[in-house]
Amino acid sequence: MTDSIFDFDPKRFARRLAVVLAAAIGVLAAGLLAYEAFLHYTIPFRDLGYDTDSWFILAAGDYITHNGIPYENPWALVDGLRVVVQQWLHDCILWLLYSENGFAGVRWFQVAMFCAVGTSLFAAARSLSKKTASSLLLAFAGAAIAGVYISARPTSWTMLCFIATVAICSAWRTEPRRWLLGVLLAVQLIAANMQISMAPMM
């Protein structure tokens, strides 16, 4: 009997299980994302209001958009202290969002960056495995870990630039094209201006 209940295809079962798990994780992740977005849009001061990094980033963005990049620390109690604003471009972007939308704009920016990181992780996983289910599982697992570090800080920019760097280098190994070098340079410039302290790692 070919249709016996004892006929079992482990590969087929694994594929179906992966699809079910990916769908379940996707629904859970979407629900959590919607919950976070709603919660921080309606209560925008939660977390951010007590995060000193957020206040410094906003203060730096405010100062730079009106006065340019400082070389002496404008916030120090003592005059003449040197300062390096190593994430000036991120600070300006966050300040512009805050000045237009308040802390809700900052939080929505974080949600958008979380989605961007998750999408880039899925694209990276998809390039390694042509199976959508396994790619989704890898992407959601990576996004869950990365989400811990996504805040008002510029860490998410570094994540995106790092993934882009790996993708460009992998494409170069497959087929070296000169235009890839231009894209790589652009990514490195973005990384350097968003968070120069982490750029040497790439």
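Which residues make a nonpolar surface patch of about 350 Å²? Let me begin there, and let me say at once that what we are looking at is a predicted model. The patch is made by Leu77, Val78 and Leu81, and if you look for Leu77 on the chain, you will find that residue in the loop between helix 2, residues 52-67, and helix 3, residues 88-101. Leu77 counts as exposed because its relative accessibility is 88%, and the cut-off for exposed is over 50%.

Now let us turn from the surface to the interior. In soluble globular proteins, nonpolar side chains tend to be buried together. In this model, the largest nonpolar core has 16 residues, and those with the most contacts inside it are Leu58, Leu94, Phe109, Met113, Val117, Trp157 and Met159. Helix 2, helix 3, helix 4 and helix 6, the last of these spanning residues 155-174, are the elements that give two or more residues to this core, and the largest share, five residues, comes from helix 4. To see one of the core residues in its surroundings, take Val117, which, if we leave aside its neighbours within four places in sequence, is in contact with Ala146, Ile150, Ser156, Met159 and Leu160.

Staying with helix 4, which runs over residues 103-128, we also meet Ala124. Ala124 is partly exposed, with a relative accessible area of 31%, and its C-alpha lies 9.4 Å from that of Leu138, a residue 14 places away in sequence.

Next come the charged pairs, and here the count comes to two salt bridges. In one of them, the side chains of Asp53 and Arg153 meet at 2.5 Å, N to O, and this pair links distant parts of the chain, since Asp53 sits in helix 2 while Arg153, 100 residues away, sits in the loop between helix 5, residues 132-146, and helix 6. Asp53 counts as partly exposed at 31% relative accessibility, and Arg153 is likewise partly exposed, at 34%. In the other salt bridge, Arg177 pairs with Glu175, with the closest N and O atoms 3.0 Å apart; Arg177 is partly exposed at 38%, as is Glu175 at 40%.

Finally, a word on the cysteines. A disulfide is a covalent bond between the sulfur atoms of two cysteines. How many disulfides does a search of the whole structure find? The search finds zero. Cys92 has a relative accessible area of 10% and is therefore buried, the cut-off being under 20%, and Cys161, at 6%, is buried as well.

Technical notes. Residues are numbered from 1 along each chain as its sequence is written. This is a predicted model: local features need pLDDT of at least 70, side-chain atom pairs count only at pLDDT 80 or more; totals for chains, interfaces and linings use all residues. Side-chain values use heavy atoms; hydrogens and water are left out. Helices (H or I, at least four residues) and strands (E, at least two) are DSSP runs, numbered from the N terminus. Buried means under 20% relative accessible area, exposed over 50%, partly exposed in between (1.4 Å probe, protein chains only). A disulfide is a pair of cysteine sulfur atoms within 2.5 Å. Patches are made of residues with over 30% relative accessible area and no salt bridge: like charges are joined within 9 Å, nonpolar side chains (Val, Leu, Ile, Met, Phe, Trp, Tyr) within 5 Å. Accessible areas come from the Shrake-Rupley method with a 1.4 Å probe; for residues, only the protein chains shown count as cover. A salt bridge is a side-chain nitrogen of Lys or Arg within 4 Å of a carboxyl oxygen of Asp or Glu. A nonpolar core is a set of buried Ala, Val, Leu, Ile, Met, Phe, Trp, Tyr and Cys residues joined through side-chain atoms within 4.5 Å. Contact means heavy atoms within 4.5 Å.
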